[in-house]
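Good morning, and thank you for coming. Please look at the sequence and the model as I bring them up, and I shall then take you through the fold.

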Amino acid sequence: MTFGFAPSSAASLSTSTSATSATRLLEPAEWAAAGIPLLRNPREVVSGLHSRHRPRPATAIVAVLDPDERVRASASFTRRQASSDGWMFRNALLAQLRRVIPHDLRLRTPVRTAVLLYCRDGDARWTEEDGAWMWGLRDACTLHGLRCGAYITLTKDGWQVLGEGRGGRRPNADSAPEPFALSEAPPPLPRTGGAASEVLRRAAAR
């Protein structure tokens with residue numbers, strides 16, 4: 001006769017949850033193979049978000065770019081949960097996207113791109129936490145009708161676009177924000193022209 005201890009239902013549930021969480025992350029090779037669109041000027045995007053939100057460690061910034069890589073909406077929030085779980089990160093990102101910009105689910109092909117900048121401690125090497133953020137960003141973009149864009153880490157050593165090998169020393173987690181005018185192009189002037197504009201111009205000239 002053999003005596004032993006059957007695993008409790010709580011222990012089984014914990015093991016199952018851990019195994020599921022481990023699948024909700026993306027390795028750098030998976031991310032690189034996903035066809036994430038490259039930023040034309042990553043430093044300009046990073047500097048603009050850094051100036052606008054002034055992130056500290058454990059701060060995530062999600063931004064939506066138009067086809068010309070102008071920031072159309074952005075939001076920052078502090079990571080509060082202890083575990084690195086892609087599903088929880090996905091929900092947090094999706095909540096911020098829904099708050100700051102309408103979805104593009106009706107479009108057959110997304111025209112706007114979401115990027116994520118995460119300020120954290122440590123060096124620029126990939127971590128499982130980064131993998132969970134990548135998974136969360138990709139899933140949140142799918143659910144909001146956006147293209148999944150770059151994932152960028154910001155540490156005391158500088159910034160790095162993971163999966164691309166591009167980065168720089170400034171801005172970094174300890175640097176002061178650059179003047180906003182230097183880090184982001186001015187917004188485009190309103191379009192003019194057409195019959196309505198001509199009527200207004202004539203009225204103003206009287």
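Let me begin with a term: a contact means heavy atoms within 4.5 Å. Among contacts in the protein between residues at least 6 apart in sequence, 68% join residues at least 24 apart.

A word on the origin of what you see. This is a predicted model, in which local features need pLDDT of at least 70, side-chain atom pairs count only at pLDDT 80 or more, and totals for chains, interfaces and linings use all residues. Residues are numbered from 1 along each chain as its sequence is written, and side-chain values use heavy atoms, with hydrogens and water left out.

I turn to the overall plan. The protein has seven helices and six strands; these are DSSP runs numbered from the N terminus, helices being H or I of at least four residues and strands E of at least two. Read from the N terminus, the order is α-α-α-β-β-α-β-α-β-β-β-α-α. Of the 206 residues, 40% are buried, that is, under 20% relative accessible area with a 1.4 Å probe and protein chains only, where exposed is over 50% and partly exposed lies in between.

How are the six strands ordered in the sheet? They form an open, mixed sheet in the order β2-β1-β3-β4-β5-β6, where two strands pair if DSSP finds at least two bridges between them. Because β2 (71–78) and β6 (166–168) stand at the edges with a single partner strand each, one side of each is left without a neighbour in the sheet. From one strand to the next, the twist averages 15°. Angles here run from 0 to 180 degrees between N-to-C directions, with axes fitted to C-alpha atoms, for helices over the stretch in contact.

Within the sheet, β4 (residues 147–155) and β5 (residues 158–161) are antiparallel partners over four bridges, and I152 stands opposite V161 in β5. Helix α3 (residues 42–53) packs on the sheet, touching β1, β2, β3, β4, β5 and β6, and its direction makes about 55° with that of β2. Helix α4 (residues 86–100) lies across β1, β2 and β3 and runs at about 135° to β2.

Finally, consider helix α5. Its 17 residues, 128–144, reach 24 Å from first C-alpha to last, close to the 24 Å expected; the expected span is 1.5 Å times one less than the number of residues. In α5, 12 of the 17 residues are buried, among them W133, W135 and H144. Just after α5, G145 takes a positive phi of about 75°.
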